Amino acid sequence: MSTLPPLLDARGRALRDLRISVTDRCNFRCVYCMPKTVFGRGYPFLPRAELLSFEEIARLARLFAARGVKKIRLTGGEPLLRNGIERLIELLAAIPGLEIALTTNGALLAQKAAALAAAGLKRVTVSLDALDEAVFARINEAGCSVARVLDGIEAAAAAGLSPIKINCVVKRGMNESEIVPLARHFRGSGHILRFIEYMDAGSANGWRLDEVVPSAEVLRRIGEHFPLEPLEPNYPGEVAQRWRYRDGAGELGVISSVTRAFCDACTRLRLSTEGRLYTCLFASEGFDLRALMRSGASDEALDAALAQVWAARQDRYSQLRLQATPGLKKIEMHYIGG
Ligand code: SAM
Ligand code: SF4
Ligand code: SF4
C-alpha cells in the first residue's frame, strides 16, 4: 500500500512499474541483444560484489512500493541464471501491494518453474522468436532448442504461472517467416503471444530502421490466415495493443515501440544490475542508488533520492525518434485498419 503521495514526473506521468535486472549475464547470445561479436569469451561481466544483493533489492523494492509501484518485473540478462532467485522472489512477494513477474528466455524454466511459483511468482513472460529449430538456433546462438523452451512454457503453465505471455521480437530478414507459425501454434493455448518491434536498444546490435518489421505488417500477415479484431486495453496506457482472433481462439498483442511510441503513458523505471536507476530504456546516465545505499544512507535519504530522480524525468526517446523519422508514420498508415 502507498503510504506516501504518488510520484509524478516532469510530464505528469505516475510511477507504477519497476524493472529490476538481477544479472548482466545470459546463456543466450541473441543477435539483436547480445551478439557474440561483442559479448564473446572474455567479455567483462560484472563481478559479484558489484551486483545488488537480494537484501538491497528488497529494501529498495519496499521504498518503491511505498511510492506507488504496483508491479516489479525481474529481468536481465537471464534472471534464472542468478543463484537463488527464488529467495529474492520470496522477499519481494512478502511486500504488500506488489505483483512480481519475471521475463525469461525459458531455457531453465522447465527445471525452475515449480520453485518460482512456490516462492510467490505470479506471472512469467517467456521470449521465443521462432518455432523452426534452425531459425531459433541462428537467433540465440547458444544451442538452445525450441523444444526446451516449449517444455519450459508447459512447466510454467503446470505451476500456475498463467496466463503466460510469449514475447517475439521480429527483425527483418531474421524471423518474419515465423510470425504465422507462432500465431498458429499459440492460438487456442491460453497463452498470449506478443510481437515486439525490433528496437535500437543499446549500441551492440547495429540497429537499422529498415530492419524493423512494423506491427501493422505483423497483424496483416496473421490476419490473412486468422482474421483479427482489436480489443480494448486492460488499463489506460497499456504498452501492448490487444487483438483477438475472430473465431474465439484467444488474444495476441503487438508492442509498437518504434512505429507507435507510447512515451506519454510510460510509468516505468529501471533498476540496473549494479543498482543504477534509469528513467528510460534509452537513457545513457543512471542514478547510482547503490553508492548511496552502501554509504549508509537511511531509508528517508534513499526515498528522497528516488523521488527526486522520478520528479525530474523528462524522457520520451521513442516519440522523438518517431518525429525524427517521419517515414515510419507512413509505414504504419499504409497497413493500419486491416
Ligand atoms: N533474457 C530474458 C529474455 O530474453 O526474456 C530477459 C531479458 S531480455 C533483455 C527482455 C526482453 O527484451 C526479451 O523479450 C527480448 O526479446 C527483448 N529484447 C532484447 N533486445 C531487444 C531489441 N533490440 N528490441 C526489442 N526487444 C528486445
Ligand atoms: Fe539473453 Fe534475453 Fe538478451 Fe536473448 S534477449 S541475449 S536471452 S538477455
Ligand atoms: Fe518509456 Fe523511454 Fe520507452 Fe518512451 S522511450 S516508452 S519514455 S522507456
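For the residue classes used on this tour, Ala, Val, Leu, Ile, Met, Phe, Trp, Tyr, Cys and Pro count as nonpolar, Asp, Glu, Lys and Arg as charged, and the others, Gly among them, as polar. Keep in mind that this is a predicted model.

**Stop 1: ligand 1**

Select ligand 1 and show the residues around it. The shell holds six nonpolar, nine polar and two charged residues. Of these 17 residues, Y32, G77, S127, V169 and M199 come nearest. Label those five, then look for the polar contacts.

Start with G77. One of its backbone N or O atoms sits 3.0 Å from a nitrogen atom of ligand 1. Move on to E78. Here a polar side-chain atom lies 3.2 Å from a nitrogen atom of the ligand. Finish with T104, where a polar backbone atom is 3.2 Å from an oxygen atom of ligand 1.

How much of ligand 1 does the protein bury? Taken alone, the ligand exposes 550 Å², and the protein buries 86% of that.

Now colour by secondary structure. Three elements give two or more residues to the shell around ligand 1: strand 3 (99-104), strand 5 (165-170) and strand 6 (192-197).

**Stop 2: G77 and its peptide bond**

Stay on G77 and include G76. The peptide bond joining G76 and G77 is cis, with omega about 25°. To place G77 in the fold, trace the loop between strand 2 (71-75) and helix 2. G77 also belongs to the next stop, since ligand 2 has it among its surrounding residues.

**Stop 3: ligand 2**

Select ligand 2. Around it are C26, F28, C30, C33, M34, G77 and N105. By class, this shell has five nonpolar and two polar residues, and no charged ones.

**Stop 4: ligand 3**

Jump to ligand 3. Its surroundings are F262, C263, C266, R270, C280, L281, F282, R313, D315, Y317 and S318. Which classes make up this shell? Seven of the residues are nonpolar, one is polar and three are charged.

**Stop 5: helices 1, 2 and 3**

Hide the side chains and show the cartoon. Select helix 1 (residues 54-66) and helix 2; their axes come within 10 Å and cross at roughly 25°. An angle under 35 degrees counts as roughly parallel, so helix 1 is roughly parallel to helix 2. Their crossing is right-handed.

Add helix 3. Helix 2 (residues 85-93) packs against helix 3 (residues 109-119) at about 25°, and the axes are 8 Å apart. Helix 2 is therefore roughly parallel to helix 3. This crossing is right-handed too.

**Stop 6: helices 6 and 7**

Select helix 6 (residues 179-186) and helix 7 (residues 215-225). Their axes come within 9 Å and cross at roughly 55°. Are the two helices parallel or oblique to each other? They are oblique, because 55° falls outside the parallel, antiparallel and perpendicular ranges. View them along the line joining the axes: the crossing of helix 6 and helix 7 is right-handed.

**Stop 7: two loops with backbone features**

Select S162 and P163. A cis peptide bond joins them, and omega is about -5°. P163 is in the loop between helix 5 (146-158) and strand 5.

Last, select E141. Where does E141 lie? Look in the loop between helix 4 (133-140) and helix 5. E141 has a positive phi of about 50°, although it is not a glycine.

Methods:
Residues are numbered from 1 along each chain as its sequence is written. Chains are lettered from A and ligands numbered from 1 in the order in which they are written. This is a predicted model: local features need pLDDT of at least 70, side-chain atom pairs count only at pLDDT 80 or more; totals for chains, interfaces and linings use all residues. Side-chain values use heavy atoms; hydrogens and water are left out. A residue is near a molecule or strand if one of its heavy atoms lies within 4 Å of it. A polar contact is a pair of N or O atoms within 3.5 Å; within protein, one must be able to donate a hydrogen and the other to accept it, and residues adjacent in sequence count only if both atoms are side-chain atoms. Accessible areas come from the Shrake-Rupley method with a 1.4 Å probe; for residues, only the protein chains shown count as cover. Helices (H or I, at least four residues) and strands (E, at least two) are DSSP runs, numbered from the N terminus. Axes are lines fitted to C-alpha atoms, for helices over the stretch in contact, and angles run from 0 to 180 degrees between N-to-C directions. A crossing is left-handed if the near helix is turned anticlockwise from the far one by less than a right angle, and right-handed if clockwise. Angles under 35 degrees count as roughly parallel, over 145 as roughly antiparallel, 65 to 115 as roughly perpendicular and the rest as oblique.
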